[in-house]
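Subject: Handing over a structure

Dear colleague,

I am passing on to you the structure shown here, together with some notes on what was found in it. Please have it open while you read, since the notes go from place to place.

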Amino acid sequence: MIVAIAVVTGFKYSVTEKLYGFMGHVHVIPFDETRSNSLSFNEPIYYNRALADSMKQIPHVRAVYPFADRPVIVQAHGSMEGLRLKGVQQDYHFLSGITTTGSAIDYSDTSYSKQILLSQTTADRLNINIGDTVQLDFIEAGAPRIRRVKVAGLYHSGMEEVDKYFGICDIRLLQRINNWPADSINGFQLDLTSEHYADSVADYIHYNLIKAPLEAYTTHDNYASIFDWLELQGMNSTILLTIMAIVAIINMGAVLVILMVGRARMIGLLKALGMPFQGTRNIFLGIAALIGTVGILLGNFIGLGLCWLQVRFGFIKLPEDIYYMKYAPIKIVWWQVAAIDCVTLVLCVFCMWLPALYIRSIQPAKVLQFK
C-alpha cells in the first residue's frame, strides 16, 4: 500500500510540476469561447503595468510575466518542425520540473535577441545542438518572413505537450514580426507558490481586476485532458488499495482462526474456570492487534525502504514518451503513510470479531477429554 500510494502521488506530482514549470498556473488572456487551446490566438492586448502590479500583490502569486505567442516553422539541415514560439522578457524563468542545458537567452541586443531555446526533443528531430543556427519561417499572407537565430540552450520536460510544440524566444522578436508596438502582448502568465491557489487567484482576477475581453484561465482549464488522466490514475490506486486491504483482512482472519483452533484446549480450560466470552475473545483480539502491529512495522520498513531505493537508484524505469518521465516517481506524504497504518490496524482488529465467534462453539467437556 505504501509503495502504491507513493508511486501514484509521485506520478501526479511530477507530471503537474512539469506542466506548471513551463506553462505557469494562471493565464490572463482574451476570452476563448472554445477553451480548447487558449494560447492559440493572434489578437494582441496592451501591456497594462497597473494590472500587472495588482496581480503581483495577490497572495501566493510568485511572478507575473507578459508573453507573446506565434506559430513558426523551424528549419535546419533540410528538416523542419512546426512549433509555437513563446516570446518572453529577460526576467522569465522556468519553475522546477524543467531541466535546461546551455545558456539563457542573451537580451543585450537593443533591437531583439537573435537567440532561442528549443526542447531536446525538437533538437533531436532537427539533428541540431547548442550553438547551431536555425531558420525561423513565419507564415503570412504573402511571402514568409524569415529570421535566422542561434540555439542558446535546450530544455527538457518529458511531456510531449510541451517539448514537441513549444520554443522560447525574445518577446521583442515576435513583436517585430507581428508589426506590434513594444507594449503589445498576447497575455500574462502567473506563477504561484502552489497549484492549490490557482482557482482562487483566477476567480479574484476575474471579478476584481479585469474586464472583457480579458479572462483568467488556469492551466487545469487549458489542459483538462491531462488532469482527467491523472484523476483516473488516482482512481486506479484507490481500487488497488482496496483490494490489498481486503486480502490483508482475509489473511488476518485466517491467521486468527488457526490460532484459535490450535488453542482450543486452552480456550476450553479458561471457559471451565469461568472466564466469560468477552475476556477470551479479547485475548485473541489482542494477539491479532499484536500481529497486525508487527506486520505494519515490517511493512513500513520494507515499503519505505523500496521507495528510498527507487529515489536513490531509480531501478524501475519507464518509457518517457508514454509516462512523461524516465523513472517511476516516488513522493512520500507522511500523513498518507500514517493513515494507511492506522486504518489497516483498525480494520484488522475490527474484522477479527467474526472469527472470534468461533470461541462460542467450543465446549469444555469435549476439548478437555483425555485421550
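Is Glu140 buried, partly exposed or exposed? With a relative accessible area of 31%, Glu140 is partly exposed. Please keep in mind throughout that this is a predicted model, and that the values below were computed from it.

Salt bridges

Glu140 is a convenient place to begin, for its side chain forms a salt bridge with Arg70, in which the closest N and O atoms are 3.4 Å apart. Because Glu140 sits in the loop between strand E7 (133-138) and strand E8 (145-156) while Arg70 belongs to strand E3, this pair ties together parts that are 70 residues apart in sequence. Arg70 has a relative accessibility of 10% and counts as buried, whereas Glu140 is partly exposed. Through salt bridges that share partners, Arg70, Glu140 and Arg145 are joined into one network.

A search of the whole structure finds seven salt bridges, and another of them joins the side chains of Asp69 and Arg84, with 2.5 Å from N to O. Asp69 lies in strand E3 and Arg84 in strand E4 (residues 79-88), so here the parts tied together are 15 residues apart in sequence. Both Asp69 and Arg84 are buried. Lys164 and Glu160 also form a salt bridge, the closest N and O atoms being 3.5 Å apart; Lys164, at 24% relative accessibility, counts as partly exposed, and Glu160, with a relative accessible area of 39%, is partly exposed too.

Asp69 has a further partner, since its backbone nitrogen lies 2.7 Å from a polar atom of the side chain of Asn186. Asn186 is found in the loop between strand E10 (184-185) and strand E11 (187-192), and at 0% relative accessibility it counts as buried.

Nonpolar cores

In soluble globular proteins, nonpolar side chains tend to be buried together. In this model the largest nonpolar core has 44 residues, and those with the most contacts inside it are Leu136, Phe188 and Leu190. Strand E3 (residues 61-76) contributes the largest share of this core, namely six residues. Apart from this core lies another, of 29 residues, which includes Phe94, Val162, Ile168 and Tyr223. If you would like to look around one residue of the largest core, Leu136 touches, among others, Val72, Ile73 and Val74, as well as Leu85, Ile116 and Leu173, when residues up to four places away in sequence are not counted.

Aromatic pairs

Nine aromatic pairs are found in a search of the whole structure. In one of them, the rings of Tyr92 and Phe94 have their centres 5.8 Å apart and their planes at 80°, so the pair is edge-to-face. Tyr92 counts as buried at 12% relative accessibility, and Phe94 is buried with a relative accessible area of 16%. Trp308 and Phe313 form an edge-to-face pair as well, at 6.2 Å centre to centre and with 90° between the planes, but here Trp308 is exposed, with a relative accessible area of 52%, and Phe313 counts as exposed at 53%. Tyr92 and Phe94 also belong to one aromatic cluster, which they form with Phe22, Tyr65, Tyr155 and Phe166.

Helix H9 and some backbone details

In helix H9 (residues 264-272), the residues Ala264, Ile267 and Gly268 are buried. Seen down the axis of H9, the buried residues fall within an arc of 100°, so they line one face of the helix. H9 is followed by Gly274, whose phi is positive, near 105°.

Two residues other than glycine can be looked up for their positive phi. His60, with phi near 75°, lies in the loop between helix H2 (49-56) and E3 and is partly exposed, its relative accessible area being 36%. Asn127, with phi of about 60°, lies in the loop between helix H3 (120-126) and E7 and counts as exposed at 62% relative accessibility. Finally, a cis peptide bond joins Ala212 and Pro213, with omega about 10°, and Pro213 is placed in the loop between helix H6 (198-208) and strand E12 (214-218).

With kind regards

Definitions and conventions. Residues are numbered from 1 along each chain as its sequence is written. Side-chain values use heavy atoms; hydrogens and water are left out. A nonpolar core is a set of buried Ala, Val, Leu, Ile, Met, Phe, Trp, Tyr and Cys residues joined through side-chain atoms within 4.5 Å. Buried means under 20% relative accessible area, exposed over 50%, partly exposed in between (1.4 Å probe, protein chains only). Helices (H or I, at least four residues) and strands (E, at least two) are DSSP runs, numbered from the N terminus. Contact means heavy atoms within 4.5 Å. The arc is that of the directions from the helix axis to the C-beta atoms. A salt bridge is a side-chain nitrogen of Lys or Arg within 4 Å of a carboxyl oxygen of Asp or Glu. A polar contact is a pair of N or O atoms within 3.5 Å; within protein, one must be able to donate a hydrogen and the other to accept it, and residues adjacent in sequence count only if both atoms are side-chain atoms. Rings of Phe, Tyr and Trp (its six-membered ring) pair if their centres lie within 6.5 Å; planes under 30 degrees apart count as stacked, over 60 as edge-to-face and the rest as tilted.
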